[in-house]
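Visitor: Could you give me a close look at the side-chain contacts in this model, working outward from a single charged pair? I would rather have one connected account than a list.

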Amino acid sequence: MIWLGHITAPGMQISREPRDSVREAVQEMPGQEKPVQEMPVQEMPGKEKPVQEMPGQKMPALASRETQTFFAMDTIISMEIYGDHKEEAVKRAMNQIDSLEALWSVTREGSDVYELNHHQGSPVKVSEETRELVSFALGMEQETGGAFNPSLYPVVKTWGFTTREYQIPKEEELQRLLEHTDFQKLQIEGEAIILPERMEIDFGAVAKGYTGDLVVETMKKCGITSGIVNLGGNVALIGQTPDGRPWRTGIRSPYGEGTIGVLEAEDCHIITSGGYERYFTGEDGKVYWHILDPKTGCPADSGIISATIVGTEGNRCDALSTAAFVMGLEGAVSYWRAHEGIEMILITEDNQIYLTEGLDGRFTLNEMSQGIPVHVIKK
Ligand code: AMP
Ligand code: MG
């Protein structure tokens, strides 16, 4: 984790120093090569700065905030929180993120994921958090009809998405690698996990969402009643704004820098997957992005160019944002119709925006995006 400094409200002080293990901690998380600096943008009308106390005026309890920005999980993480024990909450959250990165980094020697990938065929004892993540991922793989599949790691590597030494693999090579991507063949035995021979896993498509869940839980336990935790674009919202309004979160535009619109939401996770996050242009002039279709081993070509999932469980939103990108509009909408508790904003390559009905009235297009058709999908 790299410590990028902090801003605190008057009277607050964080004493956390950069850790000794900075260099070690800058290991890549799977699939998280470059920081996503600008997405989604938080907008808090009238609440940009802590409220200053006026002489003789009692300061509202929620007006002071704690903010923190640092680099971990190969991305920029920022927090803005309100409530009791803010300093303690930030400290605990940062330590928790450090620990989860140490478990789930695909490149850090000794992480649970690294050990599993280097001991296929034998039982590897892993932490409870990793067992939970793996069982959750098994469930999501099944539920999404295989669109979400954490055992594509060898395929992700062969395209060069982990090293940025990009190449278009040969069809035979993809077919050979796809033979070892039946994620359901992974076994959980007591405290151990056994990967089948030649399977390698990475949780780049779900780890940050899961981390968001655990961090929010920790913060709420500490006494945080309101806040935003932004894990490189995966946004977790705690409660409402301190003045009791929904948070306004900018949804990243798939067409370039900046946002396409603003979503009003509270106490939930907002997670987007987009082809623009990491891609290369091949010698054939085609764009190849990092979200792969597990059926072909090639970049998903479903017609969706951005999938945002909104819900109360970050792990689910994260897995589904990746899966929806693979499933395409029809598949994502059927999933939504069959499951409760999530809403979606899907943008298609023919420049249409599809909102599921739970978000109707809560999403507003930016001025620049006026004119893009928005369709509301009913159950
Ligand atoms: P996300 O940004 O959450 O959509 O996650 C994308 C990352 O997950 C990629 O960089 C890959 O490391 C990995 N990945 C790519 N395709 C898939 C897939 N179909 N299922 C699960 N993980 C994937
Ligand atoms: Mg995801």
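## A buried charge and the contacts beyond it

Guide: Glu80 has a relative accessible area of 14%, and because buried means under 20%, this glutamate counts as buried. Please keep in mind throughout that the model is predicted. The carboxylate of Glu80 has a partner, since its side chain meets that of Arg65 in a salt bridge, with 3.5 Å from N to O. The pair ties together parts that lie 15 residues apart in sequence, because Glu80 belongs to strand β4 (residues 75-83) while Arg65 sits in the loop between β2 (42-43) and β3 (66-72). Arg65, for its part, has a relative accessible area of 13% and is therefore buried.

This bridge is one of twelve salt bridges that the structure holds, and a second one has another setting. Glu88 and Arg92 meet through their side chains at 2.8 Å, N to O, and these two residues lie within helix α2 (residues 86-104), four residues apart, or about one turn of the helix. Glu88 is partly exposed, at 33% relative accessibility, and Arg92 is partly exposed as well, at 42%.

The spacing recurs in helix α7, where Lys221 and Glu217 are four residues apart and hence separated by about one helical turn. Their side chains form a salt bridge at 3.9 Å, N to O; since a salt bridge requires a nitrogen within 4 Å of a carboxyl oxygen, 3.9 Å falls inside that limit. Lys221 counts as exposed, with 67% relative accessibility, whereas Glu217 counts as partly exposed, at 45%.

Beside Lys221 in the sequence comes Cys222, which at 8% relative accessibility is buried. Cys298, by contrast, is partly exposed, with a relative accessible area of 24%. A search of the whole structure finds zero disulfides, and so neither cysteine is joined to a partner in this way.

From charges we can turn to rings, for which a search of the whole structure finds ten aromatic pairs. One of them is formed by Phe136 and Tyr210, whose rings stand edge-to-face, with 5.9 Å between the centres and 80 degrees between the planes. This pair links distant parts of the chain, Phe136 being in helix α4 (residues 128-143) and Tyr210 in helix α7, 74 residues apart. Phe136 is buried, at 16% relative accessible area, and Tyr210 is buried too, at 9%.

Another of the pairs is stacked: Tyr166 and Phe280 lie 4.6 Å apart, centre to centre, with 10 degrees between their planes. Tyr166 lies in the loop between α5 (153-158) and α6 (171-178), and Phe280 in strand β13 (residues 279-281), so this contact ties together parts that are 114 residues apart in sequence. The partners differ in their surroundings, for Tyr166 is partly exposed, at 27%, while Phe280 is buried, at 9%. Tyr166 and Phe280 also belong to one aromatic cluster, whose other members are Trp159, Phe161 and Tyr288.

A charge and a ring come together as well, for the charged end of Lys379 sits over the ring of Trp336, 4.5 Å from its centre. Trp336 falls within helix α8 (residues 314-338), and that helix leads on to the metal site.

The magnesium ion (ligand 2) is coordinated at 2.1 to 2.4 Å by Ala205 (O), Asp318 (O), Asp318 (OD) and Thr322 (OG1). Along the chain these donors follow the spacing A-x112-D-x3-T. Ala205, in the loop between β7 (192-194) and α7 (207-222), and Thr322, in helix α8, stand 117 residues apart, and the pair thus links distant parts of the chain. Ala205 counts as partly exposed, at 22% relative accessibility, whereas Thr322, at 14%, counts as buried.

Technical notes: Residues are numbered from 1 along each chain as its sequence is written. Chains are lettered from A and ligands numbered from 1 in the order in which they are written. This is a predicted model: local features need pLDDT of at least 70, side-chain atom pairs count only at pLDDT 80 or more; totals for chains, interfaces and linings use all residues. Side-chain values use heavy atoms; hydrogens and water are left out. Donors are N, O and S atoms within 2.8 Å of the metal (3.2 Å for Na, K and Ca); water is not among the atoms, so sites may look incomplete. Buried means under 20% relative accessible area, exposed over 50%, partly exposed in between (1.4 Å probe, protein chains only). Rings of Phe, Tyr and Trp (its six-membered ring) pair if their centres lie within 6.5 Å; planes under 30 degrees apart count as stacked, over 60 as edge-to-face and the rest as tilted. A charge sits over a ring if NZ of Lys or CZ of Arg is within 6 Å of the ring centre and within 35 degrees of the ring normal. A disulfide is a pair of cysteine sulfur atoms within 2.5 Å.
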